[in-house]
Amino acid sequence: MSDKNTHETATDGGTTQAAQRHQNTDYLDEEVNLLKPSTPYMRDHLRIVWAGFVAWAIIVFGPVTLTAVAPGVMTATMPVLGFPWHYFLVAFGAPTGALILAAIYARQRDKLDEKYGIDHSKPGAGASDSGDSGEATAADGGTQR
């Protein structure tokens with residue numbers, strides 16, 4: 001069983017300051033404010049979320065806005081597929097962009113977790129001291145096999 005107070009070490013052999021602050025913060029007692037996050041981890045995470053939101057808005061609403069601004073160009077037929085540009089960008093570009101943004105978010109979140117010493121690979125990581133062993137429980141009320 002691992003001790004909850006053990007810390008991941010940085011490449012120089014010491015615990016990073018960001019990881020130390022994160023481990024000492026009780027996030028359940030911290031105030032959550034989207035405009036003024038109370039901890040460095042929340043600020044960094046919110047920066048990732050807002051950047052993703054802006055990129056998503058451009059990907060989703062960009063083709064629609066361009067169609068309203070420049071209908072001649074956006075309604076012209078694509079030479080290869082024969083679809084109008086606005087149709088192709090909305091039907092293919094928006095879902096593809098959302099998948100790419102999801103992958104970028106996951107990668108950025110992994111980097112953020114690494115910076116703050118969060119390790120999801122350990123069994124029971126993040127388990128509270130209230131007797132939670134971190135083991136899975138059968139959801140149907142039965143016993144675990």
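Helices in this account are DSSP runs of H or I with at least four residues, numbered from the N terminus. The model described here is predicted, and the protein contains four helices and zero strands, so that its elements, read from the N terminus on, follow the order α-α-α-α. Of the 145 residues of the protein, 16% count as buried, and among contacts between residues at least 6 apart in sequence, 46% join residues at least 24 apart.

**Second largest pocket**

- The second largest pocket holds about 180 Å³ of space, and the residues that line this pocket are I48, V49, A51, G52, F53, A55, W56, L101, A102, I104, Y105 and Q108.
- Helix 2, which covers residues 40-69, and helix 4, which covers residues 85-115, each contribute at least two residues to the lining of the second largest pocket, with helix 2 giving the largest share, seven residues.
- Sorted by class, the lining of the second largest pocket is made up of ten nonpolar and two polar residues, and there are no charged residues in it.

**Helix 2**

- The end C-alpha atoms of helix 2 are 41 Å apart, which agrees with the 44 Å that its 30 residues should span at 1.5 Å a residue.
- Helix 2 nevertheless bends by about 45° at F61, and a proline, P63, follows within four residues of that position.
- The buried residues of helix 2 are Y41, M42, D44, H45, L46, I48, P63 and T67; I48 is thus listed as buried and is also one of the residues lining the second largest pocket.

**Two positions in helix 4**

- P95 has its place in helix 4 and counts as partly exposed because its relative accessibility, 42%, falls between the limits of 20% for buried and 50% for exposed.
- The C-alpha atom of P95 is separated by 9.1 Å from that of I59, although the two residues are 36 residues apart along the chain.
- D113 also lies in helix 4, and D113 counts as buried because its relative accessibility is 4%, where buried means under 20%.
- When neighbours within four places in sequence are left aside, D113 is in contact with Y41, I118 and H120; of these partners, Y41 appears among the buried residues of helix 2.

Note on methods. Residues are numbered from 1 along each chain as its sequence is written. This is a predicted model: local features need pLDDT of at least 70, side-chain atom pairs count only at pLDDT 80 or more; totals for chains, interfaces and linings use all residues. Side-chain values use heavy atoms; hydrogens and water are left out. On a 1 Å grid over the protein atoms alone, a cavity is a set of points where a 1.4 Å probe fits but cannot get out, and a pocket is an open set with protein on both sides within 12 Å along at least five of seven lines; lining residues have an atom within 4 Å of a point. Grid points are joined across faces, edges and corners, and a volume is the space filled by probe spheres set on the points. Ala, Val, Leu, Ile, Met, Phe, Trp, Tyr, Cys and Pro count as nonpolar, Asp, Glu, Lys and Arg as charged, and the others, Gly among them, as polar. Buried means under 20% relative accessible area, exposed over 50%, partly exposed in between (1.4 Å probe, protein chains only). The expected span of a helix is 1.5 Å times one less than its number of residues. The bend at a residue is the angle between axes fitted to the seven residues ending there and the seven starting there. Contact means heavy atoms within 4.5 Å.
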